[in-house]
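User: Could you take a close look at the largest pocket of this model and then work outward to the side chains and contacts around the rest of the chain? I would like one connected account that I can follow with the coordinates open.

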Amino acid sequence: LAGKAGAAELSCLELLRQMGFTTAALALSHEAISVEDARLKSAAKLALVLGNEEHGLRPETIAACNYVAIIPMAHGVDSLNVAAASAVAFWETRAR
């Protein structure tokens, strides 16, 4: 079942790409850009990809996205729950 779930995620990302979306995985990575980055804000269509609170996103899912993005946080704050993270990310990347 885990393999099927991973394949479903990747086919959803491919469908988003075919529909003209830029994808950004919210995950911790040394290559991550801020959700405030102009590349995300200038995307005509942006799909934010979030994982669950326990395991996050699969490495294959992260690799299949156009970008990996993080939410800048104050020193000492390690993470947000997925509801709070999605609210912040949606606000920061909204069309203006």
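Analyst: What follows begins with the pocket, moves to a surface patch, and then turns to salt bridges and two spacings along the chain.

The model is a predicted one, and every value below is computed from it. The largest pocket has a volume of about 440 Å³, and its lining is made up of 22 residues. Those that lie nearest the centre of the pocket are Leu-26, Ala-27, Ser-79, Leu-80 and Ala-85. Two elements, β4 (67-70) and α4 (82-92), are the ones that give two or more residues to this lining. By residue character, the lining divides into 13 nonpolar, six polar and three charged residues.

Leu-80 deserves a second look. This leucine, one of the residues nearest the centre of the pocket, sits in the loop between β4 and α4. With a relative accessible area of 35%, Leu-80 counts as partly exposed, because that value falls between the 20% limit for buried and the 50% limit for exposed. Leu-80 also belongs to a nonpolar patch on the surface, in the company of Met-73, Val-77 and Val-88. Together, the four residues of the patch have about 280 Å² of accessible area. Leu-80 can join such a patch because its relative accessible area of 35% is over the 30% that patch residues need.

The charged contacts come next, and the structure holds four salt bridges, three of which can be described here in detail. In one of them, Glu-92 and Lys-41 meet through their side chains, with 3.7 Å from N to O. This pair links distant parts of the chain, since Glu-92 belongs to helix α4 and Lys-41 to helix α2 (residues 38-41), with their positions 51 residues apart in sequence. Helix α4 is also one of the elements that give two or more residues to the pocket lining. Lys-41 itself is partly exposed, at a relative accessible area of 31%.

A second salt bridge joins the side chains of Arg-39 and Asp-37, at 3.0 Å from N to O. Its two partners fall into separate classes of exposure: Arg-39 is partly exposed, with a relative accessible area of 41%, whereas Asp-37 is buried, with 19%. Asp-37 is classed as buried because its value is under the 20% cut-off.

A third salt bridge lies within helix α1 (residues 2-18), where Arg-17 pairs with Glu-14, and the closest N and O atoms are 3.5 Å apart. These two residues are three apart in the helix, so they are separated by about one helical turn. Arg-17 is partly exposed at 31% relative accessibility, and Glu-14 is likewise partly exposed at 36%.

Helix α1 also contains Leu-16, which is partly exposed with a relative accessible area of 22%. Leu-16 and Leu-46 are 30 residues apart in sequence, and their C-alpha atoms are 9.2 Å apart in space. A second pair of positions can be set beside this one: Glu-54 and Leu-15 are 39 residues apart in sequence and 26 Å apart in space, again from C-alpha to C-alpha. Glu-54 is found in the loop between β3 (46-49) and α3 (59-64), and at 68% relative accessibility this residue counts as exposed.

Definitions and conventions:
Residues are numbered from 1 along each chain as its sequence is written. This is a predicted model: local features need pLDDT of at least 70, side-chain atom pairs count only at pLDDT 80 or more; totals for chains, interfaces and linings use all residues. Side-chain values use heavy atoms; hydrogens and water are left out. On a 1 Å grid over the protein atoms alone, a cavity is a set of points where a 1.4 Å probe fits but cannot get out, and a pocket is an open set with protein on both sides within 12 Å along at least five of seven lines; lining residues have an atom within 4 Å of a point. Grid points are joined across faces, edges and corners, and a volume is the space filled by probe spheres set on the points. Helices (H or I, at least four residues) and strands (E, at least two) are DSSP runs, numbered from the N terminus. Ala, Val, Leu, Ile, Met, Phe, Trp, Tyr, Cys and Pro count as nonpolar, Asp, Glu, Lys and Arg as charged, and the others, Gly among them, as polar. Patches are made of residues with over 30% relative accessible area and no salt bridge: like charges are joined within 9 Å, nonpolar side chains (Val, Leu, Ile, Met, Phe, Trp, Tyr) within 5 Å. Accessible areas come from the Shrake-Rupley method with a 1.4 Å probe; for residues, only the protein chains shown count as cover. Buried means under 20% relative accessible area, exposed over 50%, partly exposed in between (1.4 Å probe, protein chains only).
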